[in-house]
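Biologist: I should be grateful for a close look at a single part of this protein, a pair of neighbouring strands, and for an account of its setting in the whole.

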Amino acid sequence: MCRNAILLLCALLSVYSCQKPAQEDAHLKLWYNQPASKWVEALPIGNGRLGAMVFGTPAQERLQLNEETVWAGQPNNNNYAEAKQYLPKVRELLFQHKWKEAQDLVNEKMFPTTAKGFNQGMPYQPVGDLNIAFAGHENPENYYRELNLNNALTTTRYTIDNVEYTRESFAAFGGDVIIVKLTASQPGKLNFSAWLTSPQEKTECSAAGDEVVLKGITGDHEGLEGKVKFTAEVKIVPEKGTVAANDSAIVVSDANSATIYISMASNFVHYNDVSGDENAKAKNFLETALAKGYDKLKSDHIAQYQKYFNRVSIDLGTTDSVKKPTDVRILEFAKSNDPQLAALYFQFGRYLLISSSQPGGQPATLQGIWNDMITPPWDSKYTTNINAEMNYWPAEVTNLAELHEPFIKMVKEVAQTGVATAETMYGARGWVMHHNTDIWRVTAPVDYAEPGMWPSGEAWFSEHLWERYLYSGDKTYLAEVYPTMKGAAQFMLDFMVPEPENGYLVMAPSNSPENGFPPEGVTNSYGIAMDIELAFELFSNVIEASETLGIDHDFADSLKTARDKLPPLKIGQYGQLQEWFFDWDNPEDHHRHVSPLYALYPSYMISPYRTPELFDAARNFLNYRGDPATGWSMGWKVCLWARFQDGNRAYKLITDQIKLSDSQLTDFNGGGTYPNMFDAHPPFQIDGNFGCTAGIAEMFMQSHDGAVHILPALPDVWAAGSVKGLRARGGFLVEDIEWENGEIKTLKIKSTIGGNLRLRSYWALAAANGNKLQPAEGTNSNPLFSLPETPKPLISEKAQLKETGVKPVFEYDVATETGREYEFKISSENL
């Protein structure tokens with residue numbers, strides 16, 4: 001997207017996204033009475049490009065530093081031309097049900113393995129650490145540290161010999177540096193030394209005057225030479241006292257206070273260009289920040305951050321639990337009455353997205369922007385069979401639409417690199433995305449066949465392009481992304497082949513992400529439920545986009561023909577939504593991936609009103625999978641139980657997810673939440689934070705199923721509360737939902753683009769002035785709520801299905817005008 005288009009989109013969004021400044025919530029803080037002893041106890045700060053983990057140790061502070069473009073390797077692709085000739089044989093074996101033989105052939109002949117000279121994607125890597133030593137600060141009193149979500153500032157405070165020392169840190173929005181402000185309550189009492197270190201092998205560090213500089217090159221990985229050069233430049237500006245260089249450190253003596261400016265940059269320009277000047281960029285960022293000064297940087301930072309954060313507020317009530325440190329509250333959450341912790345978790349998810357994904361930058365990785373390892377788990381890259389997409393589930397609904405842009409940009413970039421993969425490996429048109437990519441936008445399969453032979457990532461990526469349109473109604477944007485969506489559909493059209501029994505079009509080979517079927521645990525198969533859902537949704541969305549834009553009618557017709565040849569979804573012998581083409585599901589399978597339920601969330605294919613049989617089958621599937629799982633899986637399940645309109649079960653999953661892991665307060669080290677509120681897979685994966693945040697929003701409001709449904713999954717424990725500022729599809733801003741005794745009290749919705757507002761509620765509603773509303777009839781006339789008809793499922797004779805059990809609803813149609821606010825209340829019909 002060109003810069004002017006980004007500015008125009010942000011301007012349009014600001015019409016309905018920006019809220020009046022919210023009053024600071026004193027409880028929107030993560031706070032602790034001891035310093036971090038490990039990385040998952042440190043507090044994250046970030047401005048999209050730069051990130052740091054702040055430990056708060058009195059005697060030696062550590063800020064672990066990241067810059068979003070510091071990755072191993074260099075521009076490359078991992079396309080494997082030999083794969084294409086073996087594709088027919090693999091399909092032949094699959095259609096003969098020789099599953100293991102087929103998968104073994106994929107591993108041996110179709111995979112670009114390291115042994116064949118191909119890499120499996122590059123890791124995201126750290127820059128290093130800023131270390132600040134304070135002699136004599138080993139035994140502090142009155143220790144306190146916090147991360148304030150109201151203003152994105154971390155503070156550490158303690159007392160030594162009746163002197164109070166304070167440290168304030170932030171990654172400056174609008175400033176492109178990280179700031180640390182050190183103060184002492186008595187003059188001349190601030191003494192410290194500061195230096196930079198790095199786990200990178202190729203680095204050099206120097207200090208002169210009041211500056212210390214670290215220069216380095218990222219590492220080689222799997223045979224690919226590292227060519228990302230980076231520079232970290234630190235300048236210390238004391239008030240009073242003295243500052244001097246000592247070897248590779250800066251020493252400050254007898255100061256009243258000091259401001260530390262941290263600038264970082266790399267030579268990365270684009271996924272195929274590393275010709276930038278990292279030294280010049282870092283120097284420019286630093287000089288610009290110094291010219292602004294601390295006070296201006298801080299005020300600009302808070303203003304820009306709050307422009308995003310203050311759009312949404314949530315109040316679920318408070319109890320005395322807020323008086324306890326955050327890690328204690330996490331430990332006690334499941335057995336305590338602490339509704340504010342759920343609100344804090346929700347807002348922390350929004351904070352993390354604001355801090356790790358800004359327009360014009362890179363999308364949030366598997367760990368957002370925070371990583372301290374040279375080779376982090378799963379390389380901290382982009383796992384695209386759910387995790388990368390889950391990172392952006394909160395973007396639209398929680399009113400952070402601009403922050404979706406880095407992911408949208410990545411989709412466009414892999415659509416470019418994926419063209420060569422589609423042609424080279426499969427002889428297909430369009431573009432393909434497998435289950436991983438990185439900053440170099442590789443698109444070929446990685447790792448091995450079991451998880452890697454999944455050629456459907458282009459469809460899931462394209463879902464984000466379409467969803468963004470549904471929230472805004474911006475046809476200029478739709479025309480811009482249409483070619484990318486079309487390219488994904490072209491690939492699926494070319495890759496699909498008719499299976500021999502019924503002639504259904506199927507993706508072959510593929511897998512239901514990372515899950516194996518009996519008896520051998522093989523994953524590679526065909527006609528997998530998730531592939532059917534992704535293809536149906538992609539084809540339907542491209543057809544709708546074609547009709548909306550009035551273009552490409554012949555191609556849309558070809559998609560309609562192919563869509564009619566997709567297999568129907570199936571309901572198996574246990575009453576479950578089948579995961580595979582054959583009824584292989586095991587009720588005792590508790591795999592972390594719940595891939596067939598893509599059709600329920602994030603998609604729109606399954607509904608209690610339109611597809612009641614599939615709705616019950618999907619619910620049976622999820623019940624068989626169970627609740628406890630990896631952190632991100634539980635985040636997905638919160639979303640799913642919200643879509644099942646079961647608020648109590650969704651809340652139960654929240655208590656499973658907000659379960660303290662890897663802390664001195666507990667022996668538990670499984671899926672849950674770390675002391676610093678990061679999601680525990682384990683290890684840390686940020687997608688669980690984002691998934692749960694999106695799920696909490698779904699409990700308050702849903703707009704995927706033909707209407708704006710208010711309080712669809714409110715749990716009993718949140719009998720009273722309010723949420724302000726959520727966004728619904730159709731360009732509607734849900735300015736205020738307030739409820740008491742589990743019922744709507746106040747509802748305010750603003751229409752930003754006009755059109756029909758279909759309201760869905762468990763309670764009869766009226767206009768705020770008492771006027772009756774028009775009951776809804778037929779299909780919603782607003783095209784942004786248009787839904788294709790989900791084909792009828794094939795149902796096993798052994799399946800036993802139940803009614804949906806959802807509450808009856810009232811539906812109303814309100815003709816809205818652009819820019820007008822509409823207010824509703826409970827109707828006297830309920831009395």
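Modeller: In this predicted model, strand 33 and strand 35, the latter spanning residues 810-816, pair in the antiparallel sense over two bridges. One of the residue partnerships can be named: Q774 has D813 of strand 35 as its bridge partner.

The two strands belong to an open sheet of five strands, arranged in the order 25-26-31-35-33 and with mixed pairing. Strand 25, residues 701-702, and strand 33, residues 774-775, stand at the edges of this sheet, and each has a single partner strand, so one side of each is left without a neighbour in the sheet. In the strand order, strand 35 lies between strand 31 and strand 33.

The setting of this sheet is a protein whose secondary structure comes to 18 helices and 36 strands. Its radius of gyration is 27 Å, close to the 28 Å that the globule rule gives for 831 residues, so the protein is as compact as a globular protein of that length. Along the principal axes, the C-alpha atoms fill a box of roughly 80 × 70 × 50 Å.

Of the 831 residues, 64% are buried. Among contacts between residues at least 6 apart in sequence, 70% join residues at least 24 apart. The accessible surface of the protein comes to about 28000 Å², and carbon and sulfur atoms account for 48% of that surface. As for charge, the protein carries 72 positive and 103 negative charges, and the mean positions of the two sets are 3 Å apart.

Notes
Residues are numbered from 1 along each chain as its sequence is written. This is a predicted model: local features need pLDDT of at least 70, side-chain atom pairs count only at pLDDT 80 or more; totals for chains, interfaces and linings use all residues. Side-chain values use heavy atoms; hydrogens and water are left out. Helices (H or I, at least four residues) and strands (E, at least two) are DSSP runs, numbered from the N terminus. The radius of gyration is taken over C-alpha atoms; the globule rule is 2.2 Å times the number of residues to the power 0.38. Buried means under 20% relative accessible area, exposed over 50%, partly exposed in between (1.4 Å probe, protein chains only). Contact means heavy atoms within 4.5 Å. Accessible areas come from the Shrake-Rupley method with a 1.4 Å probe; for residues, only the protein chains shown count as cover. Lys and Arg count as positive and Asp and Glu as negative; His and the chain ends are not counted. The place of a charge is taken as NZ of Lys, CZ of Arg, CG of Asp or CD of Glu. Two strands pair if DSSP finds at least two bridges between them.
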